[in-house]
Amino acid sequence: MELKYKRILLKLSGEALAGDKKFGLDFDVINPICKAIKECVDLGAQIGVVVGGGNFWRGRSSGAMDRTRADHIGMLGTAMNALAVADALEEQGVDVRVQTAIAMQQVAEPYIRNRAVRHLEKGRVVIFGCGTGNPFFSTDTAASLRAAEIEADVIFKATMADGVFDKDPNKFDDAVKYDTVTCSEVLRQNLGVMDSTTASMCKDNGLPMLVFNLKQPQNIVAAVRGEEVGTVVIP
Ligand code: UDP
C-alpha cells in the first residue's frame, strides 16, 4: 500500500513508557506501542525512535545539582529506555539496533548517521539513546536533530494529549485543539507542545511534526497510513 510517510522519526516520551505508574517502565504500556511499531515496519515504513527519559530523571528538575551533571544522568536514563524498548521490539520479532549519542560500546552502537540510515534501509528499527549527547538539550530536540540527519519525512511526537491545544487541556475545559499550527505560532504563543529549540529546528529544517495521543498506540499506524490524527505542526 502507498504510505503517506516512508521514513519516520518517532519520539516516545519517558512519561509514555511509565504508564500510570509515572516512574520506571510499564511493559503493559510498552508492548502495545511496540506492536504498533511492528505493524508500521510490516507496512514498509522505516522507523527511527528517539526515547525520552522523564520517567527516570529530568535534568531541569533536579534541584541543587549542577545542571550539566544532572543532564548527564538524564541522558543515561534515556539509554535505559532505549534498551527496554529494543527488548520489547525484539520480543515481537522486529530487527532493532540501539545507537547512543554517548558511547557505551558494550551496551549499544555509537551513533553513526550513515550506519543508522543503512539499518533503516534494511528494515531495522533504530532507537536513538542519550538525546543529542549534550546537556541543556531535550530529547524533543534530539528527535528534530536525528530527523534532519536521517532525512525523515516527518516527526511523530506521541504524547499523552490528543494534539496541540491553545492552552493546557488538563487545566482548562475550554482548551481548543488545533488541526494544524505552524512552528512560528508555537514559538509566538509559547505553546507547551515543544521547547523553542525544537520548534526552531523544525522550522529551519522544514521538518513537519505530527503530535498525537499514545494512549491509543494504533494512532501510530493510522498516522503512517495518512489518516488524520492529532495536530500537524507545519514548519
Ligand atoms: N537530556 C540532555 N540532553 C539531550 C536530551 C536529554 O541532557 O540532548 C537529559 C535532560 O536532563 C532531560 C533528560 O535527559 O531532562 C530526559 O529527557 P527529556 O526531559 O527530553 O525526556 P522526556 O520529557 O521526553 O521524557
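1. The end of helix α8. Just after α8, residue G226 takes a positive phi of about 95°. The model in which this angle occurs is predicted, and the remarks that follow should be read with that in mind.

2. Burial of helix α8. This helix covers residues 218–225, and within it N219, I220, V221, A223 and V224 are buried. Those buried residues pack against four elements: β1 (7–12), α2 (27–43), β6 and β8 (209–213). An α-helix has 3.6 residues a turn, so residues three or four places apart point the same way. The student may wish to view the buried positions of α8 with this rule in hand.

3. A contact of α8 from the start of the chain. Where is Y5 placed? Y5 lies in the segment before β1. Y5 counts as buried because 21 C-beta neighbours fall inside 10 Å, and the threshold for that label is 20 or more. When residues up to four places away in sequence are left out, Y5 touches A45, D153, V154 and V224. Among these partners, V224 is also one of the buried residues of α8. A45 is 40 residues from Y5 along the chain, yet the two C-alpha atoms are separated by 7.1 Å.

4. The sheet as a whole. In what order do the nine strands of the open sheet stand? The order is β4-β3-β5-β2-β1-β6-β8-β9-β7, and the pairing is mixed. The edges are formed by β4 (109–110) and β7 (180–182), each of which pairs on one side only. Strands of a sheet pair through backbone hydrogen bonds, either parallel or antiparallel.

5. Strand β3 and its two partners. Strand β3 (residues 96–100) runs parallel to β4, and two bridges join them. On that side, Q99 stands opposite E109, and T100 has P110 as its bridge partner. β3 also pairs with β5 in the parallel sense, over five bridges. There T100 stands opposite G129. β3 is mostly covered, with four of its five residues buried.

6. The annotated domain. The unreviewed UniProt entry places the feature "domain: Aspartate/glutamate/uridylate kinase" at residues 6–213. In the model this span is 40% helix and 18% strand, and its end C-alpha atoms lie 20 Å apart.

7. The annotated binding site. For "binding site", the unreviewed UniProt entry lists K11, L12, S13, G14, G54, R58, T159, F165 and D168. These residues are spread over 158 residues of sequence, and they are also spread in space, up to 23.6 Å between C-alpha atoms. Two of them, G54 and T159, are examined in the next two points.

8. Residue G54. This glycine is found in the loop between β2 (46–51) and α3 (67–91). Is G54 buried or exposed? G54 is buried, because 21 other C-beta atoms lie within 10 Å. Apart from its neighbours within four places in sequence, G54 is in contact with S13, G14 and E15. Of these contacts, S13 and G14 also appear in the "binding site" list of the UniProt entry.

9. Residue T159. This threonine is found in strand β6 (residues 154–159). T159 counts as buried because it has 21 C-beta neighbours inside 10 Å. Leaving out residues up to four places away in sequence, T159 touches S13, V211, N213 and L214. S13 is thus listed as a contact of T159 and of G54.

10. The shell around the ligand. Which residues come nearest to the ligand? Of the 24 residues around the ligand, these are G52, G54, G59, G74 and G131. Helices α1 (14–18), α3 and α5 (139–149) each supply at least two residues of the shell. α3 gives the most, with six residues. By class, the shell has five nonpolar, 14 polar and five charged residues.

11. Confidence. The mean pLDDT of the chain is 96, and 100% of its residues reach 70 or more. Confidence is lowest in α1, at a mean of 93. It is highest in strand β5 (residues 125–129), at 99. α1 is also one of the helices that supply at least two residues of the shell around the ligand. The model scores ipTM 0.98 and pTM 0.97.

Terms used:
Residues are numbered from 1 along each chain as its sequence is written. This is a predicted model: local features need pLDDT of at least 70, side-chain atom pairs count only at pLDDT 80 or more; totals for chains, interfaces and linings use all residues. UniProt positions are given in the numbering used here, feature names are shortened, and annotations may be inferred rather than shown by experiment. A residue is buried if 20 or more other C-beta atoms lie within 10 Å of its own, exposed if 12 or fewer, and partly exposed in between; C-beta atoms are placed from the backbone. Two residues are in contact if their C-beta atoms, placed from the backbone, lie within 7 Å. A residue is near a molecule or strand if its C-beta atom, placed from the backbone, lies within 6 Å of it. Ala, Val, Leu, Ile, Met, Phe, Trp, Tyr, Cys and Pro count as nonpolar, Asp, Glu, Lys and Arg as charged, and the others, Gly among them, as polar. Two strands pair if DSSP finds at least two bridges between them. pLDDT is the predictor's confidence in each residue, from 0 to 100.
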